[in-house]
Amino acid sequence: MPYYPLKSISLVFRFFCYAFFLLNSTISYALIIEAKAIEQHFSKLASFGLSKTETADLQRFYIARNYQPVWVTQESGSSLLETAFTFIASAESEGLDSHDYQLQQLLQLQQQASQSLPAAIDLEVHTTHALLTLARDLSRGRFTATKADQDWHTPQPDFDAVTFLSEAIKTNRLQQSLNDLSPKQPSYQLLKQTLARYQTLLSSHTEWITIPSTPSIHPGTTSAIIPLIRQRIAQAYAADGIDEYHLAPTESAHYDDELVTAIQAFQAQHGLNTDGVIGRNTIRALNVPLDRKIRQLRINMERLRWLPRNLGERYVLVNTAGFRLTIVEKERSVLDMRIIVGRDYRSTPTFNGRLSHMILNPYWNIPDSIARKDLLPKQQSDPSHFASLNIKVFPNYNRDAEAIDPDTIDWQAIKHRFPYVLRQDPGKDNALGRIKFMFSNSFGIYLHDTPSKSLFQRDIRTFSSGCIRLEKPLEFAAFALGKQELPEKFLANLESGQTTTVHLPKPLPIYLVYITAWIDEQEKVHFSSDIYDRDTRALRYARW
């Protein structure tokens with residue numbers, strides 16, 4: 001049976017669990033579990049398929065308690081156990097799967113525990129194991145980030161589940177402590193709300209209408225598929241509640257102004273140019289199935305769990321999948337702009353760093369791979385190409401090296417290894433524009449201006465060699481300096497054409513992420529294309 005139809009069953013099952021707790025809140029366990037019995041139980045844990053680390057965590061938890069039980073005791077009745085089960089059942093709402101935490105098996109053990117001492121011991125120990133696992137998964141992610149996504153290089157949060165659970169029980173704050181585990185950032189919580197709506201739609205067997213391929217439909221024209229598109233937009237309104245999607249009922253095939261406004265809103269939600277033209281990319285976005293949207297939400301909630309909980313009071317978030325840079329101050333977006341990211345074969349990785357300085361009117365030290373693959377063929381076709389772009393040729397990277405006249409080089413003879421160093425002088429044609437923003441990293445990546453402004457109007461903006469091109473470099477520079485406007489001295493240095501380094505008064509944290517489902521400042525959910533296939537690979541790894 002396919003996995004996602006099971007999701008609707010699991011949601012129903014979760015509600016059954018809650019009803020079960022209410023009807024059985026007076027369960028008591030007449031059997032007394034002795035500490036020695038729990039200690040002896042660890043000798044057979046290997047037969048339950050637990051890893052050495054999982055077994056060690058369980059032992060550490062119970063050693064600290066002198067092997068005294070927590071969940072199956074005469075004193076506590078079933079209150080702590082109900083709290084534990086309710087928490088495990090809530091895994092679905094976090095984009096996780098309660099089956100991974102053995103909820104059904106635990107419920108079966110609960111029914112047997114009042115009559116069977118082995119079942120009571122199993123219930124006690126395996127409830128602890130499930131809680132330790134889920135607590136860890138909510139705090140730092142279900143998976144190891146670097147295994148699920150080989151391009152992820154931001155360290156995952158550290159979390160000691162044993163210490164957490166022991167302290168929560170000791171202080172009688174289990175319920176509150178469990179509720180505080182998942183990320184509390186608005187972006188995560190709003191994705192969680194979106195997931196709940198989509199899961200409800202899926203459980204009611206909603207299937208989104210498929211729009212057939214068609215030539216581009218322009219505003220004011222007529223098309224036979226317009227009624228289908230109206231129905232699909234109505235489904236989008238049920239899913240996301242965006243006001244522009246609330247259309248007046250009609251069977252008209254005319255692409256009128258009201259539908260144009262709805263399509264523009266849909267294009268904005270899916271990272272497309274808001275031109276109102278229903279073309280190939282818009283139809284492709286309309287045809288993404290509901291179950292795939294749910295999987296997309298789940299893997300992006302997982303990515304948010306991989307990030308540090310405290311990103312800083314002021315920080316830069318670069319979403320390569322969304323072609324979007326956001327500057328956040330005190331949990332509020334203060335500047336937003338379009339960006340251009342690396343081509344698929346030069347994809348921009350996920351990592352973090354600290355912006356330290358800017359270079360005005362920068363030189364471009366051209367990477368060897370770009371010189372060999374991109375620029376050499378153009379120079380071979382046109383011997384004046386380098387000169388026209390103010391690109392100089394050097395024999396090596398020595399500062400004292402003198403430039404070589406490109407007319408003296410037989411460019412046609414160069415086949416494989418590129419034996420020269422290329423550097424582009426500052427100026428209007430410089431590929432880095434007028435400002436370069438620097439931060440330490442092992443990938444040689446930085447942010448920069450660009451003379452190719454028209455590329456920001458494209459839907460899919462994968463045109464760079466890995467670095468990030470900014471739509472609003474001057475506004476970004478002002479924020480980095482902590483200013484509302486750029487100082488006159490800064491502007492004078494910029495206009496001088498001379499290469500100048502400007503240090504930031506305080507390093508600025510920056511996070512490069514790959515998030516294909518995200519929330520904007522108006523709390524609307526947005527979806528982006530999986531430009532680097534990282535969703536596909538991560539979902540395959542997760543088996544979601």
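Rings of Phe, Tyr and Trp (for Trp, the six-membered ring) pair if their centres lie within 6.5 Å. By that rule, this structure holds 19 aromatic pairs. Bear in mind that this is a predicted model. Below are the rings, then the cores, a small set of strands, one buried Asn and two loop residues.

**Aromatic pairs**

- Trp 411 and Phe 418 make a stacked pair, because their planes stand at 15°, with the ring centres 6.3 Å apart.
- Both partners sit inside: Trp 411 counts as buried at 6% relative accessibility, and Phe 418 is buried with a relative accessible area of 5%.
- Phe 437 and Phe 476 meet in another way: their planes are at 85° and their centres 4.8 Å apart, so this pair is edge-to-face.
- That second pair ties together distant parts of the chain, with Phe 437 in strand E8 (residues 435-439) and Phe 476 in helix H17 (residues 473-480), 39 residues apart.
- Solvent hardly comes into it here, with Phe 437 buried at 2% relative accessibility and Phe 476 buried with a relative accessible area of 0%.
- There's also an aromatic cluster, made up of Phe 42, Phe 61, Tyr 62 and Tyr 67.

**Charges over rings**

- Arg 232 puts its charged end over the ring of Trp 208, 4.1 Å from the ring centre.
- Lys 293 does likewise with Phe 527, its charged end sitting over the ring at 4.2 Å from the centre.

**Nonpolar cores**

- The largest nonpolar core has 84 residues, and Tyr 62, Trp 71 and Leu 165 are the ones that touch the most other members.
- Helix H6 (residues 117-140) is the top contributor to this core, giving 11 residues.
- Another core, of 38 residues, lies apart from it and has Ile 468, Ala 480, Ile 510 and Leu 512 among its members.
- Tyr 62 turns up twice in this briefing, as one of the best-connected residues of the largest core and as part of the aromatic cluster.

**A three-stranded sheet**

- Three strands form an open sheet in the order E5-E7-E6, with antiparallel pairing.
- Strand E5 (364-365) and strand E6 (391-394) are the edge strands; each has a single partner strand, so one side of each is left without a neighbour in the sheet.
- E6 and strand E7 (residues 421-424) run antiparallel and are joined by four bridges.
- For a register point, look at Ile 391, which stands opposite Gln 424 in E7.

**Asn 319, a polar residue indoors**

- Asn 319 belongs to strand E1 (residues 314-319) and is buried, with a relative accessible area of 7%.
- A polar atom of the Asn 319 side chain lies 2.8 Å from the backbone oxygen of Ile 515.
- Leaving aside neighbours within four places in sequence, Asn 319 is in contact with Arg 324, Ile 339, Val 513, Tyr 514, Ile 515 and Trp 518.

**Positive phi outside glycine**

- Asn 66 has a phi near 55°, a positive value in a residue other than glycine.
- Asn 66 is in the loop between helix H3 (52-64) and helix H4 (79-89), and is exposed with a relative accessible area of 58%.
- His 205 also has a positive phi, near 65°.
- You'll find His 205 in the loop between helix H10 (186-203) and helix H11 (226-240); His 205 is exposed, with a relative accessible area of 65%.

Technical notes: Residues are numbered from 1 along each chain as its sequence is written. This is a predicted model: local features need pLDDT of at least 70, side-chain atom pairs count only at pLDDT 80 or more; totals for chains, interfaces and linings use all residues. Side-chain values use heavy atoms; hydrogens and water are left out. A nonpolar core is a set of buried Ala, Val, Leu, Ile, Met, Phe, Trp, Tyr and Cys residues joined through side-chain atoms within 4.5 Å. Buried means under 20% relative accessible area, exposed over 50%, partly exposed in between (1.4 Å probe, protein chains only). Helices (H or I, at least four residues) and strands (E, at least two) are DSSP runs, numbered from the N terminus. Two strands pair if DSSP finds at least two bridges between them. Rings of Phe, Tyr and Trp (its six-membered ring) pair if their centres lie within 6.5 Å; planes under 30 degrees apart count as stacked, over 60 as edge-to-face and the rest as tilted. A charge sits over a ring if NZ of Lys or CZ of Arg is within 6 Å of the ring centre and within 35 degrees of the ring normal. A polar contact is a pair of N or O atoms within 3.5 Å; within protein, one must be able to donate a hydrogen and the other to accept it, and residues adjacent in sequence count only if both atoms are side-chain atoms. Contact means heavy atoms within 4.5 Å.
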